[in-house]
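Here is a set of exercises to work through with the model open beside you. Try each task before you read its solution.

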Amino acid sequence: MEPLVPVVFALLMVVMYLCRWASHPSTTKHSEIKAMQPQSESHSDSKTDLVTKELDLPVDWLTSRATCELEKRAIFSKEWLPLTFTPRFPSPGIYHTTTPAGIPLFVIKSKDSKIRAFHNVCRHRAYPVINTERDSGKSLVLACRYHGWSYDSCGKLIKAPKFDGLEGFERSQNGLFGVRTKVTNGVVWVNLSTDETDEDDGKVEEGMGMNVRMVEDIGIDIGISSWIGGRGMEGGFNWKMALPTKHLTDALGIEHISASPSLYRSLIHTIQRSFHLQEESKPSSAYLFPNMFLFSIPSLECLISLSILPLSERTTSVRYDLYSHSQGKSNARELGSLLGDLESKIKNLISGLERAYQYHSSVSSRDSNSASTPVHRLLDLYLQSPSTQTRILTHLKDHAKLERSRGEEIYPAKREPRANARYEQAEKHIANKLTSTSLQRIGLPEWCQFQQSE
């Protein structure tokens, strides 16, 4: 009888597993995407009257180019942005490019192991230092392909062909334009504003504090996690349409993502829960203003990040990344499956948002007095994310008020052009020298020389 005991026990465990599976079916299948589809045009008068009294969003909230440009100036060029995560930079020299609000940047792990961010613009002729067609790469020396100016991973100019040794030219004054960067809990934050007074007056805590606490509340040390994979996509919709957290949670099926565990793991978890040894952890989420969402999946010991960045009023960049904080590789297969599943769901999400935006745009072009007024579309958006939409609107109003007081548009991330007479003299000397040499090579007299622009 003794040899039969393990067999009977195994059969009982299998029965328990099958019963558990039947009562909680695997949900790693593709769930139906509840994208932001156009709602029915029949709204109850009571609902409309109740909300429109408090609704302060402009009718062209999702379609105005002026509003989008103001968002870039008031938020993305001014606030601390959660941009990426340290696990994507495992070794010095690794860099990733990005364009928050259309501003080309790259983030790199320098030779001193610090993560830095720079404008992706050469100081010579404003040509991209890193080819914009490359999203990522690895190099400790970054060379502009236009005229060969080269920079180290800390942004210092190390080579300037034909300029070194010229009077009035100094390498130390021609390094890359740096961007303020902070790293907390594995999150890389950047601030494009050139105004550094907030370092001392508490604005850093005001701007980042709530976001940092949101990351801490998830309870994951992202810094020691490993990057599994990710991808960036673009969609034809306004970025604010993707901000309702519940909408994203449903679209990605976050509540239904679970592991397809081995028999052993399932038995252990079943026994633990049967004897109340372990509570079943549920997925959690966090919204980091203004552009990032984090979704923690305890059953797979992983984290999903989703970054939403506006490129224009009708074009949005969407990037997703998957990180594992498991010490082992027991769930590698499940994570690989989840990564592929995410790509499909993100594509469906973008398609749904694009359809909703096209519908909204067509409605916006109609008579505003018609029953299909776009205000009804904004009501649904506002009801799903009132605090977020209101927070964005507050930032816009504050910045617009500041611009009105100064009588001009204010670009916090703007870098002033070089105003160095000695540099301009050196530049002119090089241009004249190059022109003279090239003209002599083809046999023209010096009186034919002219100022040549490269």
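Two strands count as paired if DSSP finds at least two bridges between them. Keep that in mind for the sheets below, and remember that this is a predicted model.

**Exercise 1. Get your bearings: how many helices and strands are in the chain, and how much of it is buried?**

Step 1: Go through the secondary structure, and you get 10 helices and 15 strands.
Step 2: Now look at burial. Of the 454 residues in the chain, 45% are buried.
Step 3: Check how far contacts reach along the sequence. Take the contacts between residues at least 6 apart in sequence: 67% of them join residues at least 24 apart.

**Exercise 2. Work out the order of the strands in the sheet that holds E6, E7 and E8, and find the partner of Leu-142.**

Step 1: The sheet is open, its 3 strands come in the order E6-E7-E8, and the pairing is antiparallel.
Step 2: Strand E6 (141–143) and strand E8 (157–159) are the edges, since each pairs on one side only.
Step 3: From one strand to the next, the twist averages 35°.
Step 4: Zoom in on E6 and strand E7 (residues 150–152), which are joined by 3 bridges. Leu-142 has Tyr-151 in E7 as its bridge partner.

**Exercise 3. Follow strand E4: which strands is it joined to by bridges?**

Step 1: Start with strand E3 (residues 105–109). It runs antiparallel to E4, and 5 bridges join the two. Val-107 is the residue opposite Ala-117 in E4.
Step 2: Look at how the chain gets from one to the other. E3 and E4 make a hairpin with 5 residues between them, and Ser-113 in the turn has a positive phi of about 70°.
Step 3: Now try strand E9 (residues 178–184). It is also antiparallel to E4, with 2 bridges joining them. Here Phe-118 has Gly-178 in E9 as its bridge partner.
Step 4: Finish with burial. In E4 (residues 115–119), 4 of the 5 residues are buried, so the strand is mostly covered.

**Exercise 4. Decide whether helix H8 is largely enclosed or open, and compare your notes with helix H5.**

Step 1: Count along H8 (residues 375–384): 7 of its 10 residues are buried, so the helix is largely enclosed by the rest of the structure.
Step 2: Name them. The buried residues are His-376, Arg-377, Leu-378, Leu-379, Asp-380, Leu-381 and Tyr-382.
Step 3: Turn to H5 (residues 245–252), where His-247, Leu-248, Thr-249, Ala-251 and Leu-252 are buried. After H5 comes Gly-253, with a positive phi near 65°.

**Exercise 5. Find out how many disulfides the structure has, then check Cys-122.**

Step 1: A search of the whole structure turns up 0 disulfides.
Step 2: Take Cys-122. Its nearest cysteine sulfur belongs to Cys-144 and is 4.0 Å away, while the cut-off for a disulfide is 2.5 Å. Cys-122 is therefore in no disulfide.
Step 3: Check its surroundings. Cys-122 has a relative accessibility of 4%, so it counts as buried.

**Exercise 6. Hunt for rings: which residues does the cluster of ring pairs link?**

Step 1: There are 10 aromatic pairs in the structure.
Step 2: One of them is Phe-293 with Phe-295, a stacked pair with 6.4 Å centre to centre and 5° between the planes. Both residues are buried.
Step 3: Follow the ring pairs, and you find a cluster of Tyr-287, Phe-289, Phe-293 and Phe-295.
Step 4: Look at the backbone here too. The peptide bond from Phe-289 to Pro-290 is cis, with omega near 5°, and Pro-290 is in the loop between strand E12 (284–288) and strand E13 (292–297).
Step 5: Rings can also have charges over them. The charged end of Lys-240 is over the ring of Trp-61, 4.7 Å from its centre, and that of Arg-73 is over the ring of Tyr-411, 5.5 Å from its centre.

**Exercise 7. Is Ala-101 buried or exposed? And what about Asn-185?**

Step 1: Ala-101 is not a glycine, yet it has a positive phi of about 55°. You'll find Ala-101 in the loop between strand E2 (94–98) and E3.
Step 2: At 4% relative accessibility, Ala-101 is buried, because buried means under 20%.
Step 3: Asn-185 has a positive phi of about 55° without being a glycine, and its loop runs between E9 and strand E10 (187–191).
Step 4: With a relative accessible area of 32%, Asn-185 is partly exposed.

Key
Residues numbered from 1 in each chain as written. Predicted model: local features only at pLDDT ≥ 70, side-chain atom pairs only at ≥ 80, totals over all residues. Heavy atoms only, no water. Buried < 20%, exposed > 50% of the residue type's maximum accessible area, 1.4 Å probe, protein only. Axes fitted to C-alpha atoms, helices over the stretch in contact; angles between N-to-C directions. Phe/Tyr/Trp six-rings, centres within 6.5 Å; stacked < 30°, edge-to-face > 60°. Lys NZ or Arg CZ within 6 Å of the ring centre and 35° of its normal. Contact = heavy atoms within 4.5 Å.
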